[in-house]
Every structure is written in structure tokens, then in C-alpha cells.
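Grab a pencil and let's work through some charged pairs together. Each exercise comes with a worked solution.

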Amino acid sequence: MASVQFSGSGLAVAKRGLPSFDGLRLSPSTFRVSSSVGACGLGLDRRCFRGLVVKAATVVAPKYTSISPLGDRVLVKIKTSEEKTTGGILLPSSAQSKPQGGEVVAIGEGRTIGKKKIEIGVQTGTQVVYSKYAGTELEFNGSNHLILKEDDIVGVLDTDDVKDLKPLNDRVLIKVAEAEEKTTGGLLLTEATKERPSIGTVIAVGPGPLDEEGNRKPLSITPGSTVLYSKYAGNEFKSADGFDYIALRASDVIAVLA
């Protein structure tokens, strides 16, 4: 679990919710099995699950007034999930998209690589996008927060449109090529049968990773390049212009196409 420092004394703690498997896809849903029920209610061996309690977030008691991340960690106030579609239709909780962004509200002191002190690259007040399953969720002052390593931040987003994302470190933002509408034989494809493309155009790149001495190593990938990337890598987003984008690590880019 990520290291944090709390002011005050005493803490009401519950373990963070784990993603469940819906088919082969990870779902952010959580579950709870009380000690009195154990796994018997699930038709499983009680000895395997005795006393298991899983909740969505660690609850920080009201007596605490601040949270100070340690090392290269940052505290992010999570953006609220959209409750309505752009057409105004009210969404049930199960259909609301899990937010992957928020505002940085506190940062750690940084880390040391070799003999160089590396400060956190984002400041408080910055709007960021982060990896979907990164960090530890906290409920603090009535709002949901996430404490995570700086390396789990995908990029900075100053607008509400993901195409304006500024990648950090070794991340790359790619505009995904549109899926083929027809087969080679001319048959029209439905949305469900269209093959997911793994080709796209690089829109923006980060400054590069840090080497063993704490120096930046610029990425060899440049904006405007057409690239092939690993099929199930990165974080996917849909922009306001209707196009799909993906943010991934440069190491997940397999080749440059020309």
C-alpha cells in the first residue's frame, strides 16, 4: 500500500476494493463478504474466505485535517463521474464511466536517483489523467481521493478534451486509426464485429524516462508518426471530436510505419 502521512491520531481503515472479472475484462465493481456469512453464502469453502471484507476506499476519520504524501507520491482529488450523457439521459451507477482524472492537491518531496534529487514533476492544482487501476483510494473530507506514484500519472490535461493531453515521462498519446467498415469481400461490419485497430498517429509525446543517473532520455518517437502498438496496452479515451485516443508507454509501440 502507498505510504502516506496523516496529521492527528487514529484511523478508520478498510481495504481497498479489488476489481472483479467480468468475462475477461476487469470491472471496477467491489464486493463484501461479512465474517458471519463467510463464503458459505457463495457456496464455497468457508475456510478460504473467513472474515474477508473488501471496500472501495480507505476511510480517513474526520479528526484528520491533512494528508501529506511521501516520496514520489501525489494525492489527487478524483473527478466526479458523469451522471448524465451528453444528451441529458440520467445514467445508473453501473453505467457511469469510472473517472481517470482529477486535481493534484498534495505532492511528496520527490526521490533520489543516483546522486540527483528528482522533484515531483506536477504541482498542486494541476489537472491530471492517471492509469485506470493505479494507487490507493481514500475518502477524505467527503470526497474521493487517490494517492499514487508520479509514474502512474499518464499526463496533464488543461482542458476537457483528451486530444489536448500532454503526456508525462515515457508516455505517448496516439489517435487510433478508424476500424474498417467492410471486410475484404465487401460485407458491412457491425460495431461488435469490427476488428480493434492497433495502428494510429502519434499526437504528442512525453519528455522521456529518467536514466540511472536521473537524466532525461528523449523518446525516439515523434508526433505525426504512424505507429503499430501492442493491442491491449495503455488507457483508451474518446475525444469530443468522436475519435478514439490511447495513451501508452513508448515501450508498447512496436514499430513505425511509413
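**Exercise 1.** Find how many salt bridges a search of the whole structure gives.

*Solution.* The model here is predicted. Searching the whole structure turns up seven salt bridges. Now let's take a few of them apart.

**Exercise 2.** Work out whether Asp-72 and Lys-149 form a salt bridge, and where each partner sits.

*Solution.* Step one: check the distance. The closest N and O atoms of Asp-72 and Lys-149 are 3.4 Å apart, and the cut-off is 4 Å, so the pair counts as a salt bridge. Step two: place the partners. Asp-72 is in the loop between strands S5 and S6, while Lys-149 belongs to strand S12. The two are 77 residues apart, so this pair links distant parts of the chain. Step three: look at accessibility. Buried means under 20%, so Asp-72, at 13%, is buried. Lys-149, at 37%, is partly exposed.

**Exercise 3.** Trace the Asp-151 and Arg-249 contact, then look for a wider network.

*Solution.* First, the side chains of Asp-151 and Arg-249 meet in a salt bridge at 2.7 Å, N to O. Asp-151 lies in the loop between S12 and S13 and Arg-249 in strand S19, so the bridge ties together parts 98 residues apart in sequence. Next, accessibility: Asp-151 is partly exposed at 35%, and Arg-249 is partly exposed at 24%. Finally, widen the view: Asp-170 and Arg-171 join Asp-151 and Arg-249 in a network of salt bridges.

**Exercise 4.** Decide whether Asp-161 and Lys-163 are buried or partly exposed.

*Solution.* Their side chains meet in a salt bridge, 2.8 Å from N to O. Asp-161 has a relative accessible area of 10%, so Asp-161 is buried. Lys-163, at 35%, is partly exposed.

Definitions and conventions: Residues are numbered from 1 along each chain as its sequence is written. This is a predicted model: local features need pLDDT of at least 70, side-chain atom pairs count only at pLDDT 80 or more; totals for chains, interfaces and linings use all residues. Side-chain values use heavy atoms; hydrogens and water are left out. Helices (H or I, at least four residues) and strands (E, at least two) are DSSP runs, numbered from the N terminus. Buried means under 20% relative accessible area, exposed over 50%, partly exposed in between (1.4 Å probe, protein chains only).
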